[in-house]
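Me: I'm in my first year and would like a close look at the salt bridges in this structure. Could you walk me through them, one part at a time?

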Amino acid sequence: MSADLRESNRGGIVDFVVLGLIMLGAQTIYDMNAAVKAGISLFYSASYGSIQAAIAKLLREGKIEIADYETEGRRRKRYGILPAGREAFYEWMMSIPSGTKLEVQILSRVYFAGLLPDDDGRKHLGENIRTAINNGLEELLALEKTLDSMDVSGELQEVFRYQRATLRYGIESHTMARSFFERELP
């Protein structure tokens, strides 16, 4: 796994969101920002500045290119995908989501699943998503088992009760997500 891919798996997925948007067609920063606000913001929030920073990074890495064009008498920059960007995007799409913000990692991939070239790729994506969810669920269940064996003093029992409720929410959320993706990405 490349260093860029490991970095993004820790939660900084804006590079891959930008690559995915550009894979849909050459776009300006304004177009990308509007796309984030119009749909992607349902599961991921990226500021105009973070999109700009991702574009600068992707340009330096040779993953995208600038295509100047003129409209209404003004010069504008549109960004297009290069082979290295397409390769990095597909590598990320086919990797097992991991790290922080697992739901964002998963939904970002699902949002762009239609860009995968074939059903085998989408099937592999579904398998990887279910693996990530199952891994997260196993971690939560192991934590629950550890907490079950703890003796909590009287003064902390109320705090512990709500901390356990938070854990139960995570377990139920992962269980629902697993069921959802078994239906949606068989």
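Reply: Let's start with K57, which is partly exposed because its relative accessibility is 22%, and buried means under 20%. This is a predicted model, so every value here is computed from predicted atoms. The side chain of K57 meets that of D15 in a salt bridge, with 2.5 Å from N to O. The two residues come from distant parts of the chain: K57 sits in helix α4 (residues 48–60) and D15 in helix α2 (residues 14–23), 42 residues apart. D15 has a relative accessibility of 12%, so this partner counts as buried. One end of the bridge is therefore partly exposed, while the other is buried.

Now move along to helix α7, which covers residues 119–148. Here D119 and R122 form a salt bridge, and their closest N and O atoms are 2.9 Å apart. This time both partners lie in one helix, three residues apart, which is about one turn. Why does that spacing suit a pair of side chains pointing the same way? An α-helix has 3.6 residues a turn, so residues three or four places apart point the same way. As for their surroundings, D119 is exposed, because its relative accessible area is 59% and exposed means over 50%. R122, with a relative accessible area of 25%, is partly exposed.

Helix α7 also takes part in another bridge: its residue E144 pairs with R164 of helix α8 (residues 157–184), a link between distant parts of the chain, 20 residues apart. The closest N and O atoms of R164 and E144 are 3.6 Å apart. R164 counts as buried, because its relative accessibility is 13%. You can also follow a chain of shared partners: D15, K57, E61 and K63 are joined into one network by their salt bridges. How many salt bridges are there in the whole structure? A search finds seven, and the pairs described above are among them.

For a last stop, let's turn from salt bridges to burial along a helix. In helix α5 (residues 83–93), the buried residues are G85, A88, F89, W92 and M93. Looking down the axis of α5, you would find these buried residues within an arc of 135°, so they line one face of the helix. On the face turned away from that buried side, α5 carries the exposed residues P83 and E87.

Key:
Residues numbered from 1 in each chain as written. Predicted model: local features only at pLDDT ≥ 70, side-chain atom pairs only at ≥ 80, totals over all residues. Heavy atoms only, no water. Salt bridge = Lys/Arg side-chain N within 4 Å of Asp/Glu carboxyl O. Helix = DSSP H or I, 4+ residues; strand = E, 2+ residues; numbered from the N terminus. Buried < 20%, exposed > 50% of the residue type's maximum accessible area, 1.4 Å probe, protein only. Arc of directions from axis to C-beta.
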